[in-house]
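Open the model in a viewer and keep the selection panel at hand. The stops below go from one sheet pairing to a chain contact and then to a domain division.

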Amino acid sequence: MAAETVVQDNDTQVSDDQWGGGKAPFKASYGKLMMWYFLLSDAFTFAGFLIAYGALRFSSPTWPVPDFVFSTAPFGVHDAPLIFVTIMSFLLIISSVTMVRAVQEGHRENRQGVVFWMLLTVIGGFGFLGCQAWEWNNLIGTEHMSLTTNPFGSYTVDGVYLNPDGSVSDETFEAGESYLIHKGSLGHHELEGYDEGAGDHDAHDLSPGDHAGYFVDDRGYVHRKYQVTSEGELNGQIFQEEFGPRAFGGLFFFITGFHGFHVFSGVVFLLIILINSASGLYAARKNGYEMVEKIGLYWHFVDLVWVFVFLVFYLL
Amino acid sequence: MSNLSYEESIKLVYKGLVLLAVVTLIEVFVSLFGKGYIIEGVQKSAILVGLAGLVIVGLSLYKAYFIIYEFMHMRYEVKGLALSVLLPTLLLVWAIIAFFQEGSSWGARRSQVKEFNKAVSEESIRPISADATYPMKEVPIQE
């Protein structure tokens, strides 16, 4: 037909080759390319949360100092700032390395190797989740932090604590140091993570209300009183420990929870693909176990996000 | 992947593990140093704290580069793919840094406004009227 001939003579006509299909853009398979772009979109989500954290934290006059808040570890370890969270980082790094080994074995079409190394990766992932669960239980159950209550604060003045009977003690502190508001309960001084110098105020009256050296609010938190010793118009006045910035709880639990959810879903996917590998499904495809490589990308992304969460929350 | 033998590839992976572990340990050490745990009083020096922060951020970015290029095999991908993923990511990193600075600025402005309001309430300067134009200058109350 005449119309067809005219079209074929058109200089700007795109050749059939480009739109005929069968050419992989960027020479990557569909699944792999889409996994990269999914990871990019997830990076945007996490970046949004980290930006919110950073902007709120640096605009606050005080903020719980991470090495004070995160200084406990299982088996009664306390006063070990950042050690437990460093162990968690190592767990994820090791699981990333075992994942790389699994992908390498996949390229050699070695089914047993893939299953073995993926199993180690799953164990590493579960280990990380266990550690994160311990951390949450410690913060919520032992130190009584919640989404809206933040018992970690830091001083903006120098001062000296009052004894339970209201007299001035010799326990001093400086501006910038951190404190933890304890919740009065029987035997809480045996629980891990508490400063030795907090005093055995559990032996004293813990009824809600104003006492000589401390104030107990109606939820049971004991706000110790102190006298300001730094120069300025506040010198000599008596204050009580106040709760720290409210946003801390929500930000911490939500961001680490969101990351933990990614770790959990990653472990679930790893298990599924592990079982598929063991059954010989991927061996039949003869594509170098590309599915293992794709889930490997997701797992490395989880590790990558942890690098930045670790940086922003714990190191800075 | 590439022209490395199987044994060489495995060795490289374990080298990567050691590298990441060592960099993490250095990061933690520098962070604790900046908070005054290694040498007393460092946390009071703004320069040292700022320097520690820069080192930590730089090391984390290096870890990210290593994980993306070696573990996620970005090194072996087509350049177009790498750019289409990495350029937006670099913008994100910049956004995070920029908003940290933004937060600091908010804090500083807030305390500035607080002090100004305090000065106004103590009647040492005239309060700003609603139709004043910028830039505003503090003008002592004249009788």
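Select strand β8 (residues 221-228) of chain A together with β2(A): the two run antiparallel and are joined by three bridges. Strands here are DSSP runs of E with at least two residues, helices are runs of H or I with at least four residues, and both are numbered from the N terminus. Two strands pair if DSSP finds at least two bridges between them. Within this pair, pick Gln227(A) in β8(A); opposite stands Val160(A).

This is a predicted model, in which local features need pLDDT of at least 70 and side-chain atom pairs count only at pLDDT 80 or more, while totals for chains, interfaces and linings use all residues. Residues are numbered from 1 along each chain as its sequence is written, and chains are lettered from A and ligands numbered from 1 in the order in which they are written.

Next, add strand β3 (residues 168-173) of chain A, which is antiparallel to β2 (residues 159-162) of chain A and joined to it by three bridges. Phe173(A) in β3(A) is the bridge partner of Gly159(A). Five residues lie between β2(A) and β3(A), which form a hairpin. In the turn, select Gly166(A), with a positive phi of about 100°.

Now show both chains. How many residues does each chain bring to the contact? Chain A brings 43 residues and chain B 42 residues, where contact means C-beta atoms, placed from the backbone, within 7 Å. On the side of chain B that touches chain A, α3(B) gives the most, with 15 residues.

Last, colour chain B by domain: domain 1 covers 1-76 and domain 2 covers 78-125, with bounds from an automatic or database domain assignment. Their C-alpha centres lie 26 Å apart.

Technical notes. Contact = placed C-beta atoms within 7 Å.
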